[in-house]
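Let's take a walk through this model together, from one helix to the ligand and on to the salt bridges. Keep the 3D view open as you read.

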Amino acid sequence: MQKNDPKDSQAITRMAADKELREHARQLFLGSVRHRYSYNFSWLGRPIIQYPQDMIAAQEVIWRVKPDLIVETGIAHGGSLIFYASLLQLIGKGGRVVGVDVDIREHNRVEIEKHPLFKHITMIQGSAIAPAVVEQVYAAAKNADVVLVVLDSNHTHEHVLKELELYSPLVKRDSYLIVYDTVVEDLPDECFQDRPWGKGNNPKTAVWEFLKKNDRFEIDTELENKLLLTVAPDGYLRCIKD
Ligand SMILES: C[S@@+](CC[C@H](N)C(=O)[O-])C[C@H]1O[C@@H](n2cnc3c(N)ncnc32)[C@H](O)[C@@H]1O
(Lines give C-alpha, C1' and ligand atoms only; values in the text may rest on other atoms or scores of the structure.)
Protein backbone atom coordinates (compact mmCIF):
# COMPACT_ATOMS: atom_id res chain seq x y z
CA MET A 1 0.00 0.00 0.00
CA GLN A 2 1.46 3.40 -0.95
CA LYS A 3 1.40 6.28 1.52
CA ASN A 4 -0.72 8.49 -0.74
CA ASP A 5 -2.92 5.67 -2.08
CA PRO A 6 -5.01 3.83 0.50
CA LYS A 7 -6.12 1.26 -2.10
CA ASP A 8 -5.05 -2.17 -0.88
CA SER A 9 -4.40 -4.54 -3.81
CA GLN A 10 -4.22 -7.56 -1.53
CA ALA A 11 -7.62 -6.74 -0.04
CA ILE A 12 -9.02 -6.46 -3.59
CA THR A 13 -7.55 -9.85 -4.50
CA ARG A 14 -9.06 -11.36 -1.33
CA MET A 15 -12.43 -9.78 -2.12
CA ALA A 16 -12.30 -11.19 -5.68
CA ALA A 17 -11.71 -14.67 -4.22
CA ASP A 18 -14.69 -14.38 -1.85
CA LYS A 19 -17.13 -16.69 -3.65
CA GLU A 20 -20.04 -15.91 -1.36
CA LEU A 21 -19.70 -12.16 -1.86
CA ARG A 22 -19.34 -12.62 -5.62
CA GLU A 23 -22.52 -14.67 -5.71
CA HIS A 24 -24.35 -11.94 -3.75
CA ALA A 25 -23.00 -9.38 -6.23
CA ARG A 26 -24.12 -11.57 -9.16
CA GLN A 27 -27.63 -11.82 -7.74
CA LEU A 28 -27.75 -8.08 -7.04
CA PHE A 29 -26.55 -7.36 -10.56
CA LEU A 30 -29.13 -9.69 -12.07
CA GLY A 31 -31.93 -8.07 -10.05
CA SER A 32 -30.71 -4.61 -11.10
CA VAL A 33 -30.72 -5.58 -14.80
CA ARG A 34 -34.34 -6.71 -14.46
CA HIS A 35 -35.17 -3.21 -13.14
CA ARG A 36 -33.21 -1.44 -15.92
CA TYR A 37 -30.83 0.08 -13.33
CA SER A 38 -28.40 1.40 -15.95
CA TYR A 39 -31.08 3.90 -17.09
CA ASN A 40 -31.37 5.55 -13.67
CA PHE A 41 -28.60 8.13 -13.92
CA SER A 42 -27.50 11.33 -15.61
CA TRP A 43 -24.29 13.34 -15.77
CA LEU A 44 -24.52 17.15 -15.71
CA GLY A 45 -28.06 16.94 -17.01
CA ARG A 46 -27.75 14.31 -19.74
CA PRO A 47 -28.95 10.73 -19.24
CA ILE A 48 -26.06 8.26 -19.15
CA ILE A 49 -26.72 4.54 -19.62
CA GLN A 50 -24.10 3.24 -17.21
CA TYR A 51 -23.55 1.73 -13.79
CA PRO A 52 -21.97 4.31 -11.42
CA GLN A 53 -19.22 1.79 -10.59
CA ASP A 54 -18.11 1.76 -14.23
CA MET A 55 -18.20 5.55 -14.35
CA ILE A 56 -15.82 5.63 -11.39
CA ALA A 57 -13.55 3.13 -13.16
CA ALA A 58 -13.64 5.20 -16.36
CA GLN A 59 -12.80 8.31 -14.33
CA GLU A 60 -9.77 6.54 -12.80
CA VAL A 61 -8.60 5.41 -16.24
CA ILE A 62 -9.10 8.86 -17.79
CA TRP A 63 -7.21 10.61 -14.98
CA ARG A 64 -4.36 8.08 -15.25
CA VAL A 65 -4.14 8.18 -19.04
CA LYS A 66 -4.98 11.88 -19.60
CA PRO A 67 -6.12 11.33 -23.18
CA ASP A 68 -5.90 13.87 -25.97
CA LEU A 69 -8.86 12.12 -27.55
CA ILE A 70 -11.60 9.81 -26.30
CA VAL A 71 -13.48 7.93 -29.02
CA GLU A 72 -16.78 6.35 -28.03
CA THR A 73 -19.07 4.30 -30.24
CA GLY A 74 -22.67 4.54 -29.01
CA ILE A 75 -23.91 8.02 -28.00
CA ALA A 76 -27.62 7.45 -27.10
CA HIS A 77 -28.63 10.51 -24.98
CA GLY A 78 -25.07 11.83 -24.81
CA GLY A 79 -24.48 11.47 -21.05
CA SER A 80 -21.28 9.53 -21.53
CA LEU A 81 -19.91 12.12 -23.99
CA ILE A 82 -20.66 14.89 -21.48
CA PHE A 83 -19.07 12.80 -18.70
CA TYR A 84 -15.82 12.37 -20.65
CA ALA A 85 -15.85 16.03 -21.76
CA SER A 86 -16.23 17.21 -18.15
CA LEU A 87 -13.22 15.17 -17.05
CA LEU A 88 -11.13 16.35 -20.00
CA GLN A 89 -12.01 19.95 -19.20
CA LEU A 90 -10.84 19.46 -15.61
CA ILE A 91 -7.62 17.82 -16.79
CA GLY A 92 -7.09 20.97 -18.82
CA LYS A 93 -4.96 19.54 -21.61
CA GLY A 94 -7.39 20.43 -24.39
CA GLY A 95 -8.59 16.86 -24.81
CA ARG A 96 -11.55 16.16 -27.10
CA VAL A 97 -14.29 13.56 -27.39
CA VAL A 98 -15.54 11.99 -30.62
CA GLY A 99 -18.83 10.10 -30.40
CA VAL A 100 -20.24 7.86 -33.12
CA ASP A 101 -23.83 6.68 -33.37
CA VAL A 102 -25.76 5.09 -36.21
CA ASP A 103 -28.86 7.06 -35.13
CA ILE A 104 -28.39 10.38 -33.34
CA ARG A 105 -31.95 11.28 -32.42
CA GLU A 106 -32.77 14.93 -33.16
CA HIS A 107 -33.88 15.75 -29.58
CA ASN A 108 -30.63 14.27 -28.23
CA ARG A 109 -28.52 16.15 -30.78
CA VAL A 110 -30.20 19.44 -29.84
CA GLU A 111 -29.62 18.92 -26.09
CA ILE A 112 -26.01 17.76 -26.54
CA GLU A 113 -25.20 20.67 -28.87
CA LYS A 114 -26.53 23.27 -26.44
CA HIS A 115 -24.68 21.79 -23.45
CA PRO A 116 -21.85 24.01 -22.10
CA LEU A 117 -19.40 21.12 -22.56
CA PHE A 118 -20.27 20.56 -26.22
CA LYS A 119 -17.20 22.62 -27.21
CA HIS A 120 -15.08 19.53 -26.43
CA ILE A 121 -17.26 17.13 -28.46
CA THR A 122 -17.63 16.07 -32.09
CA MET A 123 -20.46 13.76 -33.12
CA ILE A 124 -20.42 11.54 -36.19
CA GLN A 125 -23.57 9.86 -37.43
CA GLY A 126 -23.17 6.46 -39.08
CA SER A 127 -22.30 2.89 -38.26
CA ALA A 128 -19.10 2.62 -36.25
CA ILE A 129 -17.82 0.01 -38.69
CA ALA A 130 -18.63 1.95 -41.89
CA PRO A 131 -15.39 2.88 -43.72
CA ALA A 132 -16.42 6.56 -44.08
CA VAL A 133 -17.00 6.80 -40.30
CA VAL A 134 -13.73 5.07 -39.44
CA GLU A 135 -11.96 7.49 -41.78
CA GLN A 136 -13.47 10.50 -39.95
CA VAL A 137 -12.46 9.10 -36.55
CA TYR A 138 -8.89 8.50 -37.74
CA ALA A 139 -8.79 12.06 -39.16
CA ALA A 140 -9.87 13.39 -35.73
CA ALA A 141 -7.15 11.30 -34.09
CA LYS A 142 -4.39 12.46 -36.45
CA ASN A 143 -2.75 14.86 -34.00
CA ALA A 144 -3.67 13.02 -30.80
CA ASP A 145 -0.81 11.29 -28.97
CA VAL A 146 -2.93 9.56 -26.35
CA VAL A 147 -6.21 8.03 -27.50
CA LEU A 148 -8.70 6.15 -25.31
CA VAL A 149 -11.38 4.07 -27.06
CA VAL A 150 -14.73 3.05 -25.56
CA LEU A 151 -17.00 0.60 -27.38
CA ASP A 152 -20.68 0.85 -26.41
CA SER A 153 -22.75 0.50 -29.58
CA ASN A 154 -24.15 -2.68 -31.13
CA HIS A 155 -23.27 -5.51 -28.72
CA THR A 156 -23.13 -8.49 -31.12
CA HIS A 157 -19.94 -10.55 -31.32
CA GLU A 158 -19.37 -9.79 -34.99
CA HIS A 159 -19.88 -6.04 -34.63
CA VAL A 160 -17.70 -5.63 -31.52
CA LEU A 161 -14.93 -7.79 -32.98
CA LYS A 162 -14.92 -5.57 -36.07
CA GLU A 163 -14.84 -2.43 -33.87
CA LEU A 164 -11.93 -3.91 -31.89
CA GLU A 165 -10.01 -4.59 -35.10
CA LEU A 166 -10.79 -1.15 -36.56
CA TYR A 167 -10.19 1.04 -33.51
CA SER A 168 -7.56 -0.80 -31.42
CA PRO A 169 -4.66 0.55 -33.54
CA LEU A 170 -5.50 4.03 -32.21
CA VAL A 171 -4.71 2.94 -28.64
CA LYS A 172 -1.05 3.01 -27.68
CA ARG A 173 0.90 1.68 -24.73
CA ASP A 174 -0.57 2.51 -21.28
CA SER A 175 -3.87 3.73 -22.68
CA TYR A 176 -7.09 1.72 -22.60
CA LEU A 177 -9.73 0.18 -24.79
CA ILE A 178 -12.93 -0.18 -22.77
CA VAL A 179 -15.56 -2.61 -24.00
CA TYR A 180 -18.93 -2.24 -22.27
CA ASP A 181 -21.66 -4.84 -21.80
CA THR A 182 -19.31 -7.82 -21.80
CA VAL A 183 -21.51 -8.87 -18.84
CA VAL A 184 -24.11 -10.12 -21.35
CA GLU A 185 -22.11 -13.39 -21.43
CA ASP A 186 -22.72 -13.87 -17.69
CA LEU A 187 -26.47 -13.19 -17.67
CA PRO A 188 -29.40 -15.42 -18.63
CA ASP A 189 -30.67 -14.97 -22.20
CA GLU A 190 -34.11 -13.94 -20.88
CA CYS A 191 -32.54 -10.53 -20.06
CA PHE A 192 -32.01 -9.82 -23.78
CA GLN A 193 -35.00 -11.39 -25.48
CA ASP A 194 -35.58 -8.35 -27.69
CA ARG A 195 -31.89 -8.05 -28.64
CA PRO A 196 -29.72 -9.82 -31.23
CA TRP A 197 -27.03 -10.49 -28.58
CA GLY A 198 -26.96 -13.07 -25.78
CA LYS A 199 -24.79 -15.86 -24.37
CA GLY A 200 -22.09 -16.84 -26.90
CA ASN A 201 -22.72 -13.72 -29.03
CA ASN A 202 -21.73 -10.55 -27.20
CA PRO A 203 -18.88 -8.11 -26.43
CA LYS A 204 -17.12 -10.56 -24.08
CA THR A 205 -16.90 -13.32 -26.69
CA ALA A 206 -15.58 -10.68 -29.11
CA VAL A 207 -12.91 -9.59 -26.57
CA TRP A 208 -11.85 -13.21 -26.02
CA GLU A 209 -11.48 -13.80 -29.77
CA PHE A 210 -9.66 -10.49 -30.24
CA LEU A 211 -7.17 -11.27 -27.45
CA LYS A 212 -6.31 -14.67 -28.98
CA LYS A 213 -4.72 -12.87 -31.93
CA ASN A 214 -3.67 -9.61 -30.32
CA ASP A 215 -0.92 -9.46 -27.71
CA ARG A 216 -0.95 -5.65 -27.38
CA PHE A 217 -3.74 -5.71 -24.81
CA GLU A 218 -4.37 -7.39 -21.48
CA ILE A 219 -7.41 -7.41 -19.22
CA ASP A 220 -7.02 -5.08 -16.21
CA THR A 221 -8.39 -7.56 -13.68
CA GLU A 222 -7.73 -5.37 -10.64
CA LEU A 223 -10.02 -2.70 -12.02
CA GLU A 224 -12.94 -5.09 -12.53
CA ASN A 225 -12.24 -6.97 -9.29
CA LYS A 226 -12.57 -3.89 -7.14
CA LEU A 227 -15.83 -2.82 -8.78
CA LEU A 228 -17.68 -6.01 -7.84
CA LEU A 229 -20.61 -4.70 -9.88
CA THR A 230 -19.65 -3.93 -13.48
CA VAL A 231 -21.09 -4.19 -16.97
CA ALA A 232 -17.55 -4.70 -18.27
CA PRO A 233 -15.97 -7.89 -16.84
CA ASP A 234 -12.97 -8.69 -19.11
CA GLY A 235 -13.76 -5.37 -20.83
CA TYR A 236 -11.11 -3.05 -19.37
CA LEU A 237 -8.23 -3.66 -21.76
CA ARG A 238 -4.89 -2.03 -21.02
CA CYS A 239 -2.51 -1.56 -23.94
CA ILE A 240 0.85 -3.05 -22.98
CA LYS A 241 2.78 -2.72 -26.26
CA ASP A 242 3.10 -0.07 -28.99
C1 LIG B 1 -25.96 1.51 -24.97
S2 LIG B 1 -26.31 2.85 -26.00
C3 LIG B 1 -24.94 3.92 -25.69
C4 LIG B 1 -24.95 4.48 -24.33
C5 LIG B 1 -23.99 5.61 -24.07
N6 LIG B 1 -22.63 5.26 -24.37
C7 LIG B 1 -24.07 6.00 -22.61
O8 LIG B 1 -23.22 5.59 -21.82
O9 LIG B 1 -25.02 6.72 -22.25
C10 LIG B 1 -25.99 2.18 -27.58
C11 LIG B 1 -26.06 3.14 -28.76
O12 LIG B 1 -25.39 2.51 -29.86
C13 LIG B 1 -25.98 2.92 -31.05
N14 LIG B 1 -25.63 1.97 -32.12
C15 LIG B 1 -26.22 0.78 -32.43
N16 LIG B 1 -25.60 0.22 -33.48
C17 LIG B 1 -24.60 1.05 -33.85
C18 LIG B 1 -23.61 1.03 -34.85
N19 LIG B 1 -23.55 0.03 -35.74
N20 LIG B 1 -22.71 2.04 -34.90
C21 LIG B 1 -22.79 3.08 -34.03
N22 LIG B 1 -23.71 3.16 -33.07
C23 LIG B 1 -24.61 2.17 -32.97
C24 LIG B 1 -27.49 3.00 -30.72
O25 LIG B 1 -28.12 3.87 -31.63
C26 LIG B 1 -27.46 3.49 -29.28
O27 LIG B 1 -27.63 4.89 -29.24
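The paragraphs below take up a helix, the ligand site, the salt bridges, and a few loop residues in turn. Please bear in mind throughout that this is a predicted model.

Let's begin with helix α6, which spans residues 131-140. Which of its residues are buried? They are V133, V134 and V137. Looking down the axis of α6, you will find that these buried residues fall within an arc of 100°, so they line one face of the helix. The spacing fits a general rule: an α-helix has 3.6 residues a turn, so residues three or four places apart point the same way. Turn to the other side of α6 and you meet P131, E135 and A139, which are exposed. What do the buried residues of α6 pack against? Their partners are the strands β3 (69-73), β4 (96-101) and β5 (121-125), together with helix α7 (157-167).

Now for the ligand. It is surrounded by 17 residues, of which I49, G74, D101, A128 and D152 are the closest. Several backbone atoms deserve a look here. I49 places a backbone N or O atom 2.9 Å from an oxygen atom of the ligand. A76 does likewise, with a backbone N or O atom at 3.3 Å from a ligand oxygen. At V102 the partner is a nitrogen atom of the ligand, 3.2 Å from a backbone N or O atom of the residue. How much of the ligand does the protein bury? Taken alone, the ligand exposes 600 Å², and the protein buries 83% of that.

Stay with A76 for a moment. This residue sits in the loop between β3 and α4 (79-91), and its relative accessible area of 33% makes it partly exposed. Its phi is near 55°, a positive value in a residue other than glycine. That is worth a second glance, because most residues other than glycine have a negative phi. L228 also has a positive phi, near 70°, and is likewise not a glycine. You will find L228 in the loop between α9 and β9, where it counts as partly exposed at 30% relative accessibility.

The salt bridges come next. How many does a search of the whole structure find? The count is 13. In one of them, the side chains of K7 and E222 meet with an N to O distance of 2.7 Å. This pair links distant parts of the chain: K7 belongs to the segment before α1 (9-16), while E222 is in helix α9 (residues 221-227), and their positions lie 215 residues apart in the numbering as a separation. Both partners are partly exposed, K7 at 30% relative accessibility and E222 at 27%.

A salt bridge within a single helix joins R109 and E113, whose closest N and O atoms are 3.3 Å apart. Why are these two separated by about one helical turn? They are four residues apart in helix α5 (residues 106-113). R109 is partly exposed at 21% relative accessibility, and E113 is partly exposed at 38%.

The side chains of R238 and D220 also form a salt bridge, at 3.4 Å from N to O. R238 lies in strand β9 (residues 236-239) and D220 in the loop between β8 (217-219) and α9, so this pair ties together parts that are 18 residues apart in sequence. Are the two partners buried or partly exposed? R238 counts as partly exposed at 23% relative accessibility, whereas D220 is buried at 5%. If you look around this pair, you can trace a network of salt bridges that links R64, E218, D220 and R238.

Two buried loop residues round off the walk. V171 lies in the loop between α7 and β7 (176-179), and its relative accessible area is 0%. Leaving aside neighbours within four places in sequence, V171 is in contact with V147, V149, Y176, L177, R216, F217 and C239. V171 and V146 are 25 residues apart in sequence, yet their C-alpha atoms are 7.2 Å apart in space. N202, in the loop between β7 and α8 (203-213), is also buried with a relative accessible area of 0%. Not counting residues up to four places away in sequence, N202 touches H155, T156, H157, T182, V184 and E185.

Methods
Residues are numbered from 1 along each chain as its sequence is written. This is a predicted model: local features need pLDDT of at least 70, side-chain atom pairs count only at pLDDT 80 or more; totals for chains, interfaces and linings use all residues. Side-chain values use heavy atoms; hydrogens and water are left out. Buried means under 20% relative accessible area, exposed over 50%, partly exposed in between (1.4 Å probe, protein chains only). The arc is that of the directions from the helix axis to the C-beta atoms. Contact means heavy atoms within 4.5 Å. A residue is near a molecule or strand if one of its heavy atoms lies within 4 Å of it. A polar contact is a pair of N or O atoms within 3.5 Å; within protein, one must be able to donate a hydrogen and the other to accept it, and residues adjacent in sequence count only if both atoms are side-chain atoms. Accessible areas come from the Shrake-Rupley method with a 1.4 Å probe; for residues, only the protein chains shown count as cover. A salt bridge is a side-chain nitrogen of Lys or Arg within 4 Å of a carboxyl oxygen of Asp or Glu.
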